[in-house]
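Work through the exercises below with the sequence and the model open. Each task is followed by a solution in steps.

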Amino acid sequence: MAHGEVLDFEEYVRTRQEALLRSARRLVPDPVDAQDLLQTALVRTYGRWDGIADKSLADAYLRRVMINTRTEWWRARKLEEVPTEQLPDASVEDGSEQRADRALLMDVLGVLAPKQRSVVVLRHWEQMSTEETAAALGMSAGTVKSTLHRALARLRQELEARELDARTLERYEARRADRHDGRERERCAA
């Protein structure tokens, strides 16, 4: 790679780094994994930078590399995962409702297959058109539409199930608190 191309790549990374990191964060739930994903994608892209004739398509190329890398990681980790009966609670750092919603959404996205997750991220977060998403993922527009439809249905189903679980837990805790209060009143009366 020529010195001028190295500078072009460095300038590209400097100007697009934040946007690319946001894309990576939407593809993997852990912020550290997102940084690793972006770095891996940048290293892979650096070796092919001179092959990208139209540099205006570099973002799309890098997103595709991130999606492929994330899929490789997912397949490799799939064997290490141990299923559990109950999902861990999503942690909320600052307590705001917006952060809680984002954490829930990122957690719920984890139930989707990598292909479905990629379609949802590109269509709804990156706000790509169906045709742009199809081109970025190397699939037909019809496949994007059907995959998106199934993914959104799966997300709705998961959110509804979690809402029912939360309501059941609230009722259980309320009954438990009522019983505890009743026992305390009996002790005070005795």
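Helices here are DSSP runs of H or I with at least four residues, numbered from the N terminus. The model is predicted.

**Exercise 1. Place Gln127, and state what stands out in its backbone.**

Step 1. Gln127 sits in the loop between helix 5 and helix 6, the latter covering 130-137.

Step 2. Its phi is near 55 degrees, which is positive although the residue is not glycine. Most residues other than glycine have a negative phi.

Step 3. Gln127 has a relative accessibility of 66%. The cut-off for exposed is over 50%, so Gln127 counts as exposed.

**Exercise 2. Describe the overall make-up of the protein chain.**

Step 1. Count the elements: the protein chain has seven helices and zero strands. Read from the N terminus, their order is α-α-α-α-α-α-α.

Step 2. Look at burial: 30% of the 190 residues of the protein chain count as buried.

Step 3. Look at contacts between residues at least 6 apart in sequence: 63% of them join residues at least 24 apart.

**Exercise 3. Find which residues of helix 2 are buried and how they are arranged around its axis.**

Step 1. Helix 2 covers residues 31-46, which makes 16 residues. From first C-alpha to last it reaches 22 Å, close to the 22 Å expected at 1.5 Å a residue.

Step 2. Ala34, Leu37, Leu38, Ala41, Leu42 and Thr45 are the buried residues of helix 2.

Step 3. Viewed down the axis of helix 2, these buried residues fall within an arc of 130 degrees, so they line one face of the helix.

Step 4. On the face turned away from the buried side, helix 2 carries the exposed residues Val32 and Val43.

**Exercise 4. Examine Asp30 at the start of helix 2.**

Step 1. Asp30 belongs to the loop between helix 1 and helix 2.

Step 2. The relative accessibility of Asp30 is 34%, so Asp30 counts as partly exposed.

Step 3. A side-chain oxygen of Asp30 comes to within 2.7 Å of the backbone nitrogen of Val32 at the start of helix 2.

Step 4. Asp30 and Met106 are 76 residues apart in sequence, while their C-alpha atoms are 9.3 Å apart in space.

**Exercise 5. Describe how helix 4 and helix 5 pack.**

Two packed helices are described by the angle between their axes and the distance between the axes.

Step 1. Helix 4 (residues 97-109) and helix 5 (residues 114-125) pack at an angle of about 145 degrees, and their axes are 11 Å apart.

Step 2. The contact brings Leu105, Met106 and Leu109 of helix 4 against Arg117, Val120 and Trp125 of helix 5. Sorted by class, the contact of helix 4 with helix 5 has five nonpolar residues, no polar ones and one charged residue.

Step 3. Check the span of helix 4: at 1.5 Å a residue, its 13 residues should span 18 Å, which agrees with the 18 Å between its end C-alpha atoms.

Step 4. The buried residues of helix 4 are Ala103, Met106, Val108 and Leu109.

**Exercise 6. Is Arg26 buried or exposed, and which residues beyond its sequence neighbours does Arg26 contact?**

Step 1. Arg26 lies in helix 1 (residues 3-27).

Step 2. The relative accessible area of Arg26 is 17%, so Arg26 is buried.

Step 3. With neighbours within four places in sequence left aside, Arg26 is in contact with Met106, Arg117, Val121, Trp125 and Glu126. Met106, Arg117 and Trp125 also take part where helix 4 meets helix 5.

**Exercise 7. Do the same for Gln116 in helix 5.**

Step 1. Gln116 has a relative accessible area of 17%, so Gln116 is buried.

Step 2. Outside its neighbours within four places in sequence, Gln116 is in contact with Thr147, Arg150 and Ala151.

Step 3. From Gln116 to Ser146 there are 30 residues in sequence and 9.7 Å in space, C-alpha to C-alpha.

**Exercise 8. Sort residues of helix 6 by face, then look at what follows the helix.**

Step 1. Helix 6 has the buried residues Thr130, Thr133, Ala134, Ala136 and Leu137. They cover an arc of only 165 degrees around the axis, which puts them on the same side of helix 6.

Step 2. Glu131 and Ala135 are exposed residues on the face of helix 6 turned away from its buried side.

Step 3. Gly138 follows helix 6, and its phi is positive, near 70 degrees.

Note on methods:
Residues numbered from 1 in each chain as written. Predicted model: local features only at pLDDT ≥ 70, side-chain atom pairs only at ≥ 80, totals over all residues. Heavy atoms only, no water. Axes fitted to C-alpha atoms, helices over the stretch in contact; angles between N-to-C directions. Helix = DSSP H or I, 4+ residues; strand = E, 2+ residues; numbered from the N terminus. Contact = heavy atoms within 4.5 Å. Nonpolar A, V, L, I, M, F, W, Y, C, P; charged D, E, K, R; others polar. Expected span 1.5 Å × (residues − 1). Buried < 20%, exposed > 50% of the residue type's maximum accessible area, 1.4 Å probe, protein only. Arc of directions from axis to C-beta. Polar contact = N/O pair within 3.5 Å; in protein donor to acceptor, adjacent residues only side chain to side chain.
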